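The paragraphs that follow lead through the structure shown here, beginning with strand pairing, turning next to helix packing and ending with the relation between the chains.

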There are 2 protein chains.
Amino acid sequence: MFENHALVVRAGRIQDLLPEALAIQRYPDAERQHLPTHALLPGLVNAHTHAAMALLRGIGTDQPLDRWLRQFIWPLEKRWMDRDFVMEGSRLAIAEMLLSGTTCFNDMYFFPDATIETAQDMGIRLVAGLPVIGFPTRWAETPVDYLRRGLELRDRYAHDPQIRFALAPHAVYSVDEATLKLLSTLASELDLPVHMHLHETQTEVAESMRTQGMSPIAYLDRLGLLNARLIAVHLTAVSPQEIERLATTGAAAVHCPESNLKLGSGISPVAELRRAGIRVALGTDGAASNDDLDLLGEMKTAALVAKGFSGDPTALPAGDLIRMATLEGARVLGLDSEIGSLETGKSADFIAIDLSGPATTPCHDPIVQIVYAATRSQVSHVWVAGRPKVAWGRLVPDRLADIIRAARGWEGRLSRSGAEDKTAEGSA
Amino acid sequence: MFENHALVVRAGRIQDLLPEALAIQRYPDAERQHLPTHALLPGLVNAHTHAAMALLRGIGTDQPLDRWLRQFIWPLEKRWMDRDFVMEGSRLAIAEMLLSGTTCFNDMYFFPDATIETAQDMGIRLVAGLPVIGFPTRWAETPVDYLRRGLELRDRYAHDPQIRFALAPHAVYSVDEATLKLLSTLASELDLPVHMHLHETQTEVAESMRTQGMSPIAYLDRLGLLNARLIAVHLTAVSPQEIERLATTGAAAVHCPESNLKLGSGISPVAELRRAGIRVALGTDGAASNDDLDLLGEMKTAALVAKGFSGDPTALPAGDLIRMATLEGARVLGLDSEIGSLETGKSADFIAIDLSGPATTPCHDPIVQIVYAATRSQVSHVWVAGRPKVAWGRLVPDRLADIIRAARGWEGRLSRSGAEDKTAEGSA
């Protein structure tokens with residue numbers, strides 16, 4: 001941690017990080033932004049989202065995962081989810097994420113082309129999940145169809161350095177074995193990460209034991225998917241042996257505490273995962289089960305529950321949370337040579353958090369205050385690749401009113417059609 | 001829940017609550033405040049604070065309760081805690097609370113006269129704890145001395161309807177039996193609530209079993225303190241029998257989930273307490289173990305951990321949290337005839353939360369969005385007894401800069417003297 005330092009940006013990259021006085025001498029002609037009461041951090045990395053589901057924010061609250069999916073989310077998605085929905089939902093989600101300090105997100109949803117175009121338009125960094133699921137949606141019909149459409153996008157947007165890709169099979173219970181095998185081969189041939197829900201609930205594990213005679217982790221291991229390309233999301237129910245196996249194979253984890261708590265799914269043993277050497281990132285999951293896309297809030301929740309569930313107040317100290325939301329997140333996504341820390345040569349993805357408000361005063365330890373006392377409204381500035389995306393708490397350019405207006409248009413439609421069709425399928 | 005309604009205030013009280021169009025007809029000359037994207041709620045009640053400890057915000061983070069008290073908090077308090085400290089700390093805490101929607105707090109700290117005067121000056125409602133603890137501080141020497149000084153304040157400020165009082169013995173392990181007996185008599189004679197830490201940790205319970213041969217709850221029962229006047233704070237470790245006994249005697253509880261989680265103390269079985277018919281309020285505890293005084297954040301944490309710890313996503317639904325932070329809080333403090341709900345005749349203590357931002361859009365259910373997605377920065381207006389205390393997110397009058405400056409003055413002093421004297425006593 002440095003005090004009174006200046007970050008020098010040139011051509012979208014961090015050129016220097018040095019004491020302010022020295023910076024003024026060395027770069028006398030640079031355009032300056034003076035932020036005396038702020039902490040500068042690497043941009044936050046949200047390692048698991050379903051961005052477009054922002055339009056379904058808070059729907060079906062206080063329901064268990066299975067009922068939430070089958071009675072609320074899937075019927076609504078079946079009826080409403082199309083390219084427009086994903087466009088508007090992604091725009092709302094990206095606005096919310098940028099305003100709360102997220103500069104990169106790892107998404108899994110249908111019509112990823114709509115999310116990619118929105119991310120390009122708004123200038124946030126994206127790992128676009130190429131979704132694969134065992135039932136038809138408006139995006140694709142069969143698993144092969146999902147894959148074909150997904151990989152086509154990978155070619156179409158290959159030129160954009162801010163857009164990366166991951167294969168995104170939904171879960172072991174929603175994608176068949178033949179498709180998972182194919183994905184295993186493709187991931188290795190194309191060197192793509194595999195972004196997947198895994199061990200989200202004990203029910204998922206029990207069901208796999210019944211149908212496959214083994215846990216989802218063991219099943220993926222058998223299919224050749226348990227390796228350093230795997231981004232395993234949730235991991236609430238994992239045995240010490242499974243933790244060891246995940247560590248040995250180099251698989252990475254994403255911790256989504258608020259979604260897991262809210263759905264009563266359990267809580268991931270993050271301190272143990274980290275102790276075993278597993279890379280662990282933070283994610284919000286979709287806003288339908290959170291109900292925000294706020295990594296600062298997620299850090300606080302993650303810190304509190306790690307201590308509360310273990311009874312150990314020294315578990316997961318504040319610095320670990322900041323790391324998980326920045327450099328560790330970048331490592332999980334394979335982007336740590338490019339982002340995740342304020343180092344010379346990396347892309348200038350960084351944020352400023354204003355600590356001058358009453359809830360972060362006095363500021364005996366900025367790291368602690370950021371994790372435990374700051375809220376997203378204190379994120380005052382955000383840059384992605386050196387370009388300002390948020391300044392003094394407002395989007396640059398400030399199109400928030402239009403985005404809100406468009407999202408409100410969906411409010412009535414979605415609220416009214418809530419409980420009409422309870423048998424359909426879709427995905428979350 | 002009413003939509004498009006108007007709240008009519010006259011002489012500090014709620015005179016009417018009716019559809020907006022009707023209000024304009026019926027009260028054509030009233031001064032109007034139009035808040036079209038806002039939810040109006042009763043002012044939030046923070047039922048357990050050590051307000052002045054805002055100056056010790058975040059000190060000793062990631063430490064267990066006992067070490068946190070003995071190595072960090074008590075030595076700092078011994079060295080620095082005086083009338084000035086309490087004045088400045090209370091001012092900072094009250095600013096933070098008003099700005100985040102709290103209109104009434106139940107405090108326990110030394111120099112309560114300083115907290116009372118600050119509360120009067122800033123116009124927030126206060127239940128002032130008259131502290132009693134078994135060791136000397138600058139505020140008082142002996143238990144009898146603590147009591148004498150406390151009761152003197154009760155007479156001095158008796159004329160102010162916004163200031164109420166409670167006896168505030170620290171805990172069973174820090175106040176001797178004779179003093180607790182005396183408090184039991186006084187509480188009943190003077191009809192005062194008794195605000196006390198109880199069953200905060202399993203260590204506290206085990207220690208009482210060892211020294212008294214019974215749990216702190218049983219011990220208070222024997223001393224005649226387990227009754228409808230008791231405000232029992234924390235209750236993380238309680239047996240079904242103890243819950244039943246608390247319910248039978250009419251004792252009330254205060255749930256402080258963030259402090260309990262952060263210190264690894266355990267978590268109160270709030271859903272069970274409520275099912276047994278026990279009044280349960282919400283509290284932040286002091287900012288030294290939270291690290292903010294933000295009841296909106298506390299509601300979200302309380303909702304999430306109730307579900308997460310029980311595995312039951314239907315536990316403690318969103319509406320229960322709002323109730324605990326408002327009407328139930330008022331009932332716990334014995335103030336529900338005066339505050340806690342938007343009802344004609346009650347004091348006009350109410351707040352407006354702006355739901356137009358991205359994280360609360362779309363707003364399929366305002367109750368759910370307030371609990372799960374809103375943050376304190378969305379509290380735009382606050383009134384206490386009809387007087388504006390916050391307008392458009394700023395204190396009225398706006399003295400925040402002065403308050404912050406004064407608090408920053410303590411930052412250096414306190415940070416530097418951290419670990420010098422580890423043997424002293426004090427209290428938190």
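In this predicted model, strand 12 (residues 350-354) of chain A and strand 13 (residues 379-384) of chain A run antiparallel and are joined by four bridges. Within this pairing, A352(A) is the residue that stands opposite H381(A) of strand 13 of chain A. Both strands belong to an open sheet of five strands in chain A, whose order is 3-12-13-14-15 and whose pairing is antiparallel. The edges of the sheet are formed by strand 3 (38-42) and strand 15 (394-395) of chain A, and because each has a single partner strand, one side of each is left without a neighbour in the sheet.

The helices of chain A offer a second point of entry. Helix 3 (residues 83-99) of chain A packs against helix 4 (residues 112-122) of chain A at an angle of about 40°, the two axes lying 8 Å apart, which means that helix 3 of chain A is oblique to helix 4 of chain A. The crossing of these two helices is right-handed. Helix 3 of chain A contributes residues including V86(A), M87(A) and I94(A) to the contact, while helix 4 of chain A contributes, among them, A114(A), T118(A) and M122(A). By character, the residues of this contact comprise seven nonpolar, three polar and two charged.

How, finally, are the chains related? A turn of 180° with a shift of 0.0 Å along the axis lays chain B on chain A with an RMSD of 0.0 Å, which is the relation of a two-fold axis. The same surface serves both copies, since 100% of the contact residues of chain B recur in chain A. Among the residues of chain B, S377(B) comes closest to the rotation axis, its C-alpha lying at 3.2 Å.

Terms used. Residues are numbered from 1 along each chain as its sequence is written. Chains are lettered from A and ligands numbered from 1 in the order in which they are written. This is a predicted model: local features need pLDDT of at least 70, side-chain atom pairs count only at pLDDT 80 or more; totals for chains, interfaces and linings use all residues. Copies are superposed by least squares on the C-alpha atoms of residues with pLDDT of at least 70 in both. Two residues are in contact if their C-beta atoms, placed from the backbone, lie within 7 Å. Axes are lines fitted to C-alpha atoms, for helices over the stretch in contact, and angles run from 0 to 180 degrees between N-to-C directions. Angles under 35 degrees count as roughly parallel, over 145 as roughly antiparallel, 65 to 115 as roughly perpendicular and the rest as oblique. A crossing is left-handed if the near helix is turned anticlockwise from the far one by less than a right angle, and right-handed if clockwise. Ala, Val, Leu, Ile, Met, Phe, Trp, Tyr, Cys and Pro count as nonpolar, Asp, Glu, Lys and Arg as charged, and the others, Gly among them, as polar. Two strands pair if DSSP finds at least two bridges between them.
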